[in-house]
Amino acid sequence: MSNQTAIFAAGCFWCIEAVYNRLKGVHNATSGYINGHTPAPTYAEVCSGHSGHAEAVKIEFDPEIISYRTLLEVLFTLHDPTQLNRQGHDVGTQYRSGIYYLDEAQKAEAQAFVQEMAAHYPQPIATEIAAAQTFHPAEAYHQHYFANNPQAGYCQMVVAPKFLKARTKYADLWRG
């Protein structure tokens, strides 16, 4: 089986890129923007909320090592899927929760997963499930942001707790 791609949004892309890049079977997780209407969006345009894009992460993975379902489980560990257009203090449509499918198999699996997870949350799940449009990689300084800036305030207060939670919960999938 060849490598596959998954694209997810869960608030700030720094939080989820840091985790996915540490999982066995993930070859690369790239921060970027998806499903907006501005061609070649910049971070400033996305942050304004006017481009329509979500901050997202494109995950290239080996399904023989880590399944799409496991990637979905990690996604729901890293954010609150009941929050509409926000995660914590990050507010706006650019911080929406989303699963952007690349084929009908991913769509079906995402829909079944979200339906299954709905029973575990007191509020309705706000995660959008939509066909992936063009993924635009974010500017270079956003790539591996947590790894390169672990002492930054946002990283200490927001990214680190999610990173540590995932490292503990998915210790068997964690790369050294």
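A residue counts as buried when its relative accessible area is under 20%. Keep that cut-off in mind as you move through this predicted model.

**Stop one: Cys12.** Start by selecting Cys12, which an unreviewed UniProt entry lists under "active site". Is this residue buried or exposed? Its relative accessibility is 6%, so Cys12 falls in the buried class. You will find Cys12 in the loop that runs between strand S1 (4-10) and helix H1 (13-20). Now show what surrounds Cys12: beyond neighbours within four places in sequence, its contacts are Glu55, Asp90, Tyr95 and Tyr154.

**Stop two: strand S1.** Step back from the loop and select residues 4-10, the strand S1. Five of the seven residues in S1 are buried, leaving the strand mostly covered. Add residues 54-61 to the view: this is strand S3, paired with S1 in the antiparallel sense over five bridges. Within that pairing, look for Ala6 opposite Ile59. Next, bring in residues 97-101, strand S6, which also pairs antiparallel with S1, here over four bridges. Ala10 has Ser97 as its bridge partner in S6.

**Stop three: helix H1 and its partner.** Go to the other side of the loop and select H1 (13-20), together with helix H6 at residues 153-169. Their axes come within 9 Å and cross at roughly 35°, and the crossing is right-handed. Which residues meet here? From H1 come Trp14, Cys15, Ala18 and Val19, facing Tyr154, Val158, Val159, Lys162, Phe163 and Ala166 of H6. Colour this contact by residue class and you get nine nonpolar, no polar and one charged. Tyr154 should look familiar, as one of the contacts of Cys12.

Conventions. Residues numbered from 1 in each chain as written. Predicted model: local features only at pLDDT ≥ 70, side-chain atom pairs only at ≥ 80, totals over all residues. Heavy atoms only, no water. UniProt positions renumbered as here; feature names shortened; annotations may be inferred. Helix = DSSP H or I, 4+ residues; strand = E, 2+ residues; numbered from the N terminus. Buried < 20%, exposed > 50% of the residue type's maximum accessible area, 1.4 Å probe, protein only. Contact = heavy atoms within 4.5 Å. Pairing = 2+ DSSP bridges. Axes fitted to C-alpha atoms, helices over the stretch in contact; angles between N-to-C directions. Left-handed = near helix turned anticlockwise from the far one by under 90°. Nonpolar A, V, L, I, M, F, W, Y, C, P; charged D, E, K, R; others polar.
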